[in-house]
Amino acid sequence: MATQPVDGRKGVDSLAAMVRSVFALDPLNGHLYVFLSMRRDRVRVIYWDRNGFAMWTKRLEKGRFHGPLCEDDRLTVSTLDPADLALILDGIDLAGARRRPRWEPCREPSAKVSPRPLFLSSQ
C-alpha cells in the first residue's frame, strides 16, 4: 500500500509505473498494489493477472479510507497482510486496532523425538 495518497485520476499504466519507479518493485509479480486518492474516498488496487493488468476501484459515498499513511511527504510502500487490507476496504481504521496473540510453531530445534511405528508387528 502506498503511504501517501495519489492523484485519483491515475490509471493502471501510471500506477504500475509508480510501482516500478518509486517503490522499485516489479508490478508483474502478482502482488496487489493499493493506492488511496487525495480525498481518501477512493481506493485503487492494481495487480498483474497472468496476461494483463487488472484494476479494482472502490468509492465510498460517505467517509474516508484509513490506511498506514506517513506524516512526511515521502511516497513509500507499506506491506499489508490480507486481513489488514480487508479491514481497510471495509472502512475500519487500523490505528486503534490491535492484533491478539496467536499460536505459532516453535522455531527452536527441540530435542530429537524417535519416530513411532505406524503399526505394531505381531512378532
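## A walk from β1 to the largest pocket

Start by selecting F35, which stands opposite R44 in β2. Keep in mind along the way that this is a predicted model.

Now widen the selection to β1 (33-36) and β2 (42-48). The two strands run antiparallel, with four bridges joining them. Colour β1 by burial next: Y33 and F35 are buried on one side, V34 and L36 are buried on the other, and both faces of the strand are thus covered.

Follow the chain out of β1 and into the turn. Five residues separate β1 from β2 in this hairpin. Click on R40 in the turn and check its backbone: phi is positive there, at about 60 degrees.

One stop further on is D41, in the loop between the two strands. Is D41 buried or exposed? Its relative accessibility is 14%, and because buried means under 20%, D41 counts as buried. Show its side chain together with that of S37, and you will find a polar contact of 3.2 Å between them. Then display what else surrounds D41: beyond neighbours within four places in sequence, it is in contact with K58, R59, L60, G63 and F65.

For the last stop, bring up the largest pocket, with a volume of about 290 Å³. Which residues lie nearest its centre? Select M1, H31, L32, T79 and L80 to see them, out of 14 lining residues. The lining brings you back to β1, which supplies at least two of its residues, as does α2 (82-89). Colour the lining by residue class and you get nine nonpolar, four polar and one charged.

Terms used
Residues are numbered from 1 along each chain as its sequence is written. This is a predicted model: local features need pLDDT of at least 70, side-chain atom pairs count only at pLDDT 80 or more; totals for chains, interfaces and linings use all residues. Side-chain values use heavy atoms; hydrogens and water are left out. Buried means under 20% relative accessible area, exposed over 50%, partly exposed in between (1.4 Å probe, protein chains only). A polar contact is a pair of N or O atoms within 3.5 Å; within protein, one must be able to donate a hydrogen and the other to accept it, and residues adjacent in sequence count only if both atoms are side-chain atoms. Contact means heavy atoms within 4.5 Å. Two strands pair if DSSP finds at least two bridges between them. On a 1 Å grid over the protein atoms alone, a cavity is a set of points where a 1.4 Å probe fits but cannot get out, and a pocket is an open set with protein on both sides within 12 Å along at least five of seven lines; lining residues have an atom within 4 Å of a point. Grid points are joined across faces, edges and corners, and a volume is the space filled by probe spheres set on the points. Ala, Val, Leu, Ile, Met, Phe, Trp, Tyr, Cys and Pro count as nonpolar, Asp, Glu, Lys and Arg as charged, and the others, Gly among them, as polar.
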